[in-house]
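User: I'm new to this structure and would like a close look at one small part of it, a sheet and the strands that make it up. Could you walk me through that part and then show me what else is around in the model?

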Amino acid sequence: MVGLDMTTSARTQVGIVGAGPAGLLLSHLLALRGIDSIVVENRSRAYCEARQRAGLLEAGSTELLRQVGLGARMDAESLEHGGIYLQFAGERHHLDFRDLTGGRWVTIWAQTEIVKDLIRARLAAGAQIEFEVSDTEVTDLSSETPVLRYTDAAGTRHEVTCDAIAGCDGFHGICRESMPPGLLRVAEREYPYAWLGILAIVPPSTDELIYSRHDDGFALHTMRTTQVSRLYLQVPADDEIEGWSDDRIWAELRRRLEVPGWELKTGPITEKAVSPMRSYVATPMQYGRLFLAGDAAHIVPPTGAKGLNLAIADVTVLATALVSLLRDHDPSGAAGYSDACLRRVWRATHFSWWMTTMLHIDPHQDRFGAELQLSQLRYVIASRAAATTLAENYTGYYPLRW
Ligand code: RFL
Ligand code: PHB
């Protein structure tokens, strides 16, 4: 319906802001249980499908994707890893997750591929995803009919009356800020370093990820496929990518990752960027009929590979809660949503902080700090109890139910 003010009105059950993994997966899960939704996204489809971010899934995330019909390409093309290497003081040690956790593993499967599969599946099912929207607004949040407004790519203003709104619009989105002032309590930490990440067309020089603490800074060797490597370097928090030529990046990676008898293969770099590192948790994750999920509510530094897994877990809990609320008129899941998620969020927040501070060089670090890190790393590789703590958190501590 077109009103006098040229606003088009519509009705749906769940209005979803953001077509990242959280928003798209939520829309998919809701559809499986007969709940309608619309997804609005301010970037283009091509941008969402190409944005380089996470690459490592917990066992529970992989199982969930498989269970909801998103496993075909993942099962054919992803890489299963049964452990990681921890490197420090010039030595590389293997941690065997399958042995330590009674068979658990992780999967290398890029966020870009999950997003591509989700967009394709949603559009094939006839779902509405509006890309390149602007001026997104969410209002009437404490009523039973919250409203989502946006302007589409052609310039038409839309007003969608919903039963619930999901804020899946990432850390810089508008949903968290739409909650009443004073409601949110924020716990956060900024780290005095950043990650320079590259994507390179070269087969990985390792079978499993290498996390390396080096006196000059942390380095990580990860991968996307058997032909594409992804590597990260700790750099100063305010560093700019312009100062990093490809040759300088490879030389620094070689230095921080080297051990006798091992060689780092190099190749063309197709992408490079510096990302800041931060821990951030906003509580509660719900106000009235607005529910925050994924990076909109919390951020972890990437060292524990938890960001994407938390987004998947949040929306799995949220989908169940919204199905109970909207189909069965049972509000208990929605009321408990925030607490249910925050338990997992804080476990991941602690783990990511612990991995980060154990492996990075603080620019103000003294001898005492360095010795504590090395002692902790030695303990993790020597003690089965300590290694198990790392392994059970890395592979995903809390089970995911759908
Ligand atoms: P996303 O992926 O940020 O998606 C949010 C979406 O919302 C859109 N949006 C809006 N749409 C409409 N109206 C508005 N007003 C909007 N404002 C924003 C955005 O365009 C976007 O499409 O959040 P989501 O779905 O919660 O998923 C979370 C994950 O993306 C994130 O946790 C991880 O990727 C974090 N992360 C990493 N995690 C890892 O485990 N390993 C990594 O190596 C890793 N690298 C990264 C990362 C996050 C990064 N960011 C956010 C800067 C590298 C980067 C650069
Ligand atoms: C990645 O593959 O991008 C990745 C893997 C593990 C991490 C961080 C990033 O801890």
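Analyst: Happy to help! Let's start with a pair of strands: β5 and strand β8, which covers residues 106-108, run antiparallel and are joined by three bridges. To find this pairing in the viewer, look for E80, which stands opposite T107 in β8. Please keep in mind throughout that this is a predicted model.

Now let's widen the view to the sheet around this pair. The sheet is open and has three strands, in the order β4-β8-β5, and the pairing is antiparallel. Which strands stand at the edges? They are β4 (56-58) and β5 (79-81), and each of them has a single partner strand, so one side of each is left without a neighbour in the sheet. From one strand to the next, the twist averages 30°. A general point helps when you look at side chains here: in a regular strand they alternate between the two faces of the sheet.

The sheet also has a helix lying across it. Helix α3, residues 59-67, lies across β4 and β8, and α3 runs at about 85° to β4.

With that part in place, here is another sheet for you to set beside it. Four strands form this open sheet, in the order β1-β12-β11-β10, and here the pairing is mixed. The edge strands are β1 (7-11) and β10 (134-139), each of which pairs on one side only. In this sheet the twist averages 15° from one strand to the next. Inside the order you will find strand β11 (residues 147-151) and strand β12 (residues 157-161), which run antiparallel and are joined by five bridges. A handy marker for that pairing is L148, whose bridge partner in β12 is V160.

Next comes strand β18, with two pairings to look at. Strand β14 (residues 185-200) and strand β18 (residues 269-283) pair in the antiparallel sense over 13 bridges. In that pairing, L196 stands opposite V274 in β18. β18 also pairs with strand β21 (residues 298-299), again in the antiparallel sense, over two bridges. There, V281 stands opposite H298 in β21.

Let's move on to the ligands, beginning with ligand 1. How many residues are around ligand 1? There are 29, and E41, R51, R53, Q111 and D295 come nearest. Several polar contacts can be picked out. A polar backbone atom of A22 is 2.9 Å from an oxygen atom of ligand 1. The side chain of N42 has a polar atom 3.2 Å from an oxygen atom of ligand 1, and a polar side-chain atom of Y232 lies 3.1 Å from an oxygen atom of this ligand. On its own, ligand 1 has 1000 Å² of accessible area, and the protein covers 84% of that. Two elements give two or more residues to the shell around ligand 1, namely α1 (21-32) and α8 (307-327). The largest share, three residues, comes from α8. Sorted by class, this shell has twelve nonpolar, ten polar and seven charged residues.

Ligand 2 is surrounded by 14 residues, and the closest are Y211, T222, R224, Y232 and P302. You may recognise Y232 from the polar contact with ligand 1. For ligand 2, a polar side-chain atom of Y211 lies 2.6 Å from an oxygen atom of the ligand. An N or O atom in the side chain of T222 is 2.8 Å from an oxygen atom of ligand 2, while P302 has a polar backbone atom 3.0 Å from an oxygen atom of ligand 2. Taken alone, ligand 2 exposes 270 Å², and the protein buries 97% of that. Two strands, β16 (219-223) and β17 (229-236), each supply at least two residues of the shell around ligand 2. That shell divides into eight nonpolar, three polar and three charged residues.

To finish, here is a pair of helices. Helix α10 (residues 337-359) packs with helix α11 (residues 367-382) at an angle of about 120°, and their axes are 8 Å apart. Where they meet, α10 brings W354, T357, M358 and L359, and α11 brings Q373, Q376, L377 and V380. The residues of this contact divide into five nonpolar, three polar and no charged.

Notes
Residues numbered from 1 in each chain as written. Chains lettered and ligands numbered in written order. Predicted model: local features only at pLDDT ≥ 70, side-chain atom pairs only at ≥ 80, totals over all residues. Heavy atoms only, no water. Near = heavy atom within 4 Å. Polar contact = N/O pair within 3.5 Å; in protein donor to acceptor, adjacent residues only side chain to side chain. Areas by Shrake-Rupley, 256 points an atom, 1.4 Å probe, with all protein chains shown as cover. Nonpolar A, V, L, I, M, F, W, Y, C, P; charged D, E, K, R; others polar. Pairing = 2+ DSSP bridges. Axes fitted to C-alpha atoms, helices over the stretch in contact; angles between N-to-C directions. Contact = heavy atoms within 4.5 Å.
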